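Visitor: I am new to this structure and would like a close look at a single part of it. Please take me through how its helices pack against one another, one pair at a time.

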Amino acid sequence: MPMSRRALAAVAVALVLPLSACGSGGDDGGTTDASGKVEGDITFQTWNLRANFKPYFEGVIADFEHKYPGTHVKWVDQPAEGYADKLSADAAGGTLPDVVNVSPDLVAPLAKAGLALDLDKAAATYRSEYLEGAWAGHRIPGMSGTYAFPWYLNTGPLFYNKALFEKAGLAPDQPPRTYDELFFDALRMAQKSDGKVATLANVPTIEDFGRYGVPLMNEQGTGFTFNDAKGVELLTRYKQLYDAKALDPQALTATGESAGKKFLTGAVAMNPGSALDLGNFKKNAPGLYRNIGITDQITSTGHVNMYVMGVMVNSRTRHTPAAVAFAHFVTDARNQMAFAKKVAIFPSTAGSLDDPYFTEEDGTDETRVRIAAAKSLKSAVNYTPVLFSEQMKTALRNEVAKALQGKESPREALDNAVEAADRLLQQG
């Protein structure tokens, strides 16, 4: 799976699965008992990882087979494009692999179809090995249980231009951390620059509503709730930013790339990013690079947003002990740490983020960003509801745009967005 923060955020495809779908190999007689002998042949499926990490996964599989004689793991890797459709076809055809790389939105329909093993029942002994927020990342509203081992995490810090803050009379070493502070600083920035410098270049997303403290969905998983009073309050405040040009006028159509260019040229004071961006600043905007600040995502809950990948066990596998053992092995602290040192992701295992690799500076830009992100991940949560699809995100974005333009009130816009999302939820 592509590793960038934005790529992880973008994955959300609804699957439609028949409830009678069979399990791996056409066998529908799987067991939830993982306490037996670890043996047998299982298939492990990853998501666009073979090209860059073949030696790593071959090593993990060899170590597992050495630890558990009598097991054999067949590794298959699927391309990123069409992955959700492949899962749907395999689930319907009874050929779903025993152990599957999933994201929360992809595991939801599999769990509802009875094809994802409930790890709270089958593997509860491992729960304490993972960060609480990561373990909760594959829970499904309206269902009890956890349906995948948390695997790698990602998040992104927020970059800000210290020179622009200082020019606006704001403390360059005290960037906003809550939405209240953000809105105050943003309006001040716009006022001092006569509307020439915006603080933000993106409209609020479902994650922003979550970080603001808005309840996003009811506990039963039957309807969305981000149109409550607090949600209306957030959108109203964004409308104030938009009117004051504290939110970039082109935010309604902004992409990650266009927002990044705005930040690069000094037209925007804050922008999310990664260590790769720091290298770009150093090369193409040395003035910005000298004044770059790194801070946490804005949140009024005290918890930043995380993006989480998981490893699911097929509930119809013929070798439950081996499948559970392997899913745990892939995601244990040792293997996750080894993987994190090969690519810019973070382990979901408890204690791993205290490793010197995530805490000790070495003078490089990559380490600066890695340390900042790792620190925030310890208490991070996955705000995006697992049932919130790409179509729902589009509906929300369209309604937010109408509110910012004054075509609808914030209340009307969010009511319409929730109505559209609930309708799509029922169709799914």
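Guide: In this predicted model, Phe53, Tyr56, Phe57, Val60 and Asp63 of helix α2 meet Arg334, Asn335, Gln336, Ala338 and Phe339 of helix α15. Sorted by type, the residues of this contact are 6 nonpolar, 2 polar and 2 charged. Helix α2 covers residues 50–67 and helix α15 covers residues 333–340; their axes come within 11 Å and cross at roughly 170 degrees. An angle over 145 degrees counts as roughly antiparallel, and α2 and α15 are therefore roughly antiparallel to each other. The crossing of these two helices, α2 and α15, is right-handed.

A second pair joins helix α8 (residues 179–192) with helix α10, and here the axes come within 10 Å and cross at roughly 15 degrees. Angles under 35 degrees count as roughly parallel, so α8 and α10 are roughly parallel to each other. The crossing of α8 and α10 is left-handed. On the α8 side the contact is made by Tyr179, Asp180, Phe183, Ala186 and Leu187, and on the α10 side by Leu234, Arg237, Tyr238, Gln240 and Leu241. The residues of this contact divide into 7 nonpolar, 1 polar and 2 charged.

Helix α10, which spans residues 229–243, also takes part in a third pair, with helix α18 (residues 410–427). The axes of α10 and α18 come within 9 Å and cross at roughly 120 degrees, which makes α10 oblique to α18. The crossing of α10 and α18 is right-handed. From α10, the contact uses Ala229, Gly231, Val232, Leu235 and Thr236; from α18, it uses Pro410, Arg411, Ala413 and Leu414. By type, the residues of the contact of α10 with α18 are 6 nonpolar, 2 polar and 1 charged.

Besides these helix pairs, there is a pocket to look at. The second largest pocket holds about 700 Å³ of space. Its lining consists of 33 residues, and those nearest the centre of the pocket are Ala136, Pro141, Val381, Asn382 and Tyr383. Helix α6, residues 132–135, gives the most to this lining, with 4 residues. Across the whole lining of the second largest pocket, 19 residues are nonpolar, 9 are polar and 5 are charged.

How values were computed:
Residues are numbered from 1 along each chain as its sequence is written. This is a predicted model: local features need pLDDT of at least 70, side-chain atom pairs count only at pLDDT 80 or more; totals for chains, interfaces and linings use all residues. Side-chain values use heavy atoms; hydrogens and water are left out. On a 1 Å grid over the protein atoms alone, a cavity is a set of points where a 1.4 Å probe fits but cannot get out, and a pocket is an open set with protein on both sides within 12 Å along at least five of seven lines; lining residues have an atom within 4 Å of a point. Grid points are joined across faces, edges and corners, and a volume is the space filled by probe spheres set on the points. Ala, Val, Leu, Ile, Met, Phe, Trp, Tyr, Cys and Pro count as nonpolar, Asp, Glu, Lys and Arg as charged, and the others, Gly among them, as polar. Axes are lines fitted to C-alpha atoms, for helices over the stretch in contact, and angles run from 0 to 180 degrees between N-to-C directions. Angles under 35 degrees count as roughly parallel, over 145 as roughly antiparallel, 65 to 115 as roughly perpendicular and the rest as oblique. A crossing is left-handed if the near helix is turned anticlockwise from the far one by less than a right angle, and right-handed if clockwise. Contact means heavy atoms within 4.5 Å.
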